[in-house]
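Biologist: Could you take a close look at the metal site for me, and then walk me outwards from there? I'd like one connected tour rather than a list.

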Amino acid sequence: MDSVYTSRQQHQILVVAAHPDDEVLGCGGTIAKHALQGDLVRVVLLSEGITSRDRQRDRQRRESELIALAQAARQAGEILGITSLVQHEFPNNRLDSCDLLDIVKVIEQAIQEYRPDIIYTHHAHDLNIDHRLVHQAVLTASRPLPGSSVKTILFFEIASSTEWQTPTSAPAFAPNWFVDISDTLDIKLKALATYKSEMCPWPHPRSLEGLEYLSRWRGATVGMVAAEAFILGRNLIHSLDSTNGAITKI
Ligand SMILES: [Zn+2]
């Protein structure tokens, strides 16, 4: 028996990520696993991507690349089996130029619409400013008010951002939640391969090899062939003898 909780409810999953590719980097194997088990997975991406490569944001100049990136996101989502994808156009790597409240409102709207019981999002102390602000906005948008649908919040790691923050300047990513993705690692890697503009050659951590090694290593630390690692932000349990209201099995 996997757990003391034997029955399984259908989960409503919301993945909130800063950039197109973060959703796959952070929890692509877990998304595929949820989808295979019949859960509904909605992905919300906040930023457009790419435009931070220029000194000044110029969407027009990067239009064809932005279109290709949005297509890659849709294709990756299809590979993972997600239910829906919404991509917003907040400025890439410049979320600190926006009002946090505007980001919170967008996430609140998604929570109201989808009524997720599980949210996956960024770790609080990534090197990337957008990741940190999205983390903060998700926590604000999912305040545990009476009647809130959100029972479980999990923070993922993003290769080339989470491990690049120095541990002296912020708490390190110390995972305490592991999802076995032995069966879905191939799907994750296939979805990542659609993000041609975002993947880098080995030995960059955001290379297909680096991401496979990370999944293998995260798995090896807990006796699994491959895993994605998370930090549990919150888990609300309403009943100990059913799956009512909390994540128990994926
Ligand atoms: Zn990112």
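Modeller: Let's start from the outside and work in. Glu89 has a relative accessible area of 51%, and because the cut-off for exposed is over 50%, Glu89 counts as exposed. Glu89 belongs to strand S3. Leaving out residues up to four places away in sequence, Glu89 touches Leu46, Glu48, Arg57 and Arg59. From Glu89 we can jump to the metal site: its C-alpha atom is separated by 9.9 Å from that of His19, although the two residues are 70 apart along the chain. Keep in mind that this is a predicted model.

Now the site itself. The zinc ion is coordinated by His19 through ND1, by Asp22 through two OD atoms, and by His131 through NE2, at 2.1 to 2.4 Å. Written as a spacing pattern, the donor residues run H-x2-D-x108-H in sequence. What about the geometry? The angles subtended by the four donor atoms run from 57 to 135°, so the arrangement is irregular. To count as tetrahedral, four donors need all angles between 85 and 135 degrees, and the range here starts at 57°. As for the residues holding the metal, His19 and Asp22 are both buried.

Two other residues are worth a look here, as each one touches His19. One of them is Ser47, whose contacts beyond four places in sequence are Ala18, His19, Pro20, Gln87, His88, Phe90, Pro91, Asn92 and Asp130. Ser47 lies in strand S2, which covers residues 40–47, and its relative accessibility is 0%, so it counts as buried. The Ser47 side chain has a polar contact of 3.3 Å with the side chain of Asn92, and it also reaches the backbone oxygen of Phe90 at 3.4 Å.

The other is Asn128, in the loop between S4 and H4. Beyond four places in sequence, Asn128 contacts His19, Asn93 and Ser161. The Asn128 side chain also reaches the backbone nitrogen of His131 at 3.2 Å, and His131 is one of the zinc donors. With 18% relative accessibility, Asn128 counts as buried, because the cut-off is under 20%.

Next, the helix that packs against several of these elements. H3 takes in residues 100–114, 15 in total, and its first and last C-alpha atoms are 21 Å apart, close to the 21 Å expected at 1.5 Å a residue. Its buried residues are Ile103, Val104, Val106, Ile107, Ala110, Ile111 and Tyr114. They cover an arc of only 160° around the axis, so they sit on the same side of H3. Leu101, Gln109, Gln112 and Glu113 are exposed on the other side. The buried residues pack against strands S1 (12–17), S2, S3 (84–90) and S4 (118–122), and against helix H4 (129–141). Just after H3, Arg115 has a positive phi of about 50°.

For a last stop, try H5, residues 185–193, where Leu185, Lys188, Leu189, Ala191 and Leu192 are buried. Here too the arc is only 160° around the axis, which puts these residues on the same side of H5. Asp186 and Lys190 are exposed on the other side. The partners of the buried residues are helices H1 (22–36), H2 (63–80) and H6 (208–220), plus strand S7 (227–235).

Definitions and conventions
Residues numbered from 1 in each chain as written. Predicted model: local features only at pLDDT ≥ 70, side-chain atom pairs only at ≥ 80, totals over all residues. Heavy atoms only, no water. Donors = N, O, S within 2.8 Å, 3.2 Å for Na, K, Ca; no water. Tetrahedral: all angles 85-135°; square planar, octahedral: opposite > 155°, others 65-115°. Buried < 20%, exposed > 50% of the residue type's maximum accessible area, 1.4 Å probe, protein only. Helix = DSSP H or I, 4+ residues; strand = E, 2+ residues; numbered from the N terminus. Polar contact = N/O pair within 3.5 Å; in protein donor to acceptor, adjacent residues only side chain to side chain. Contact = heavy atoms within 4.5 Å. Expected span 1.5 Å × (residues − 1). Arc of directions from axis to C-beta.
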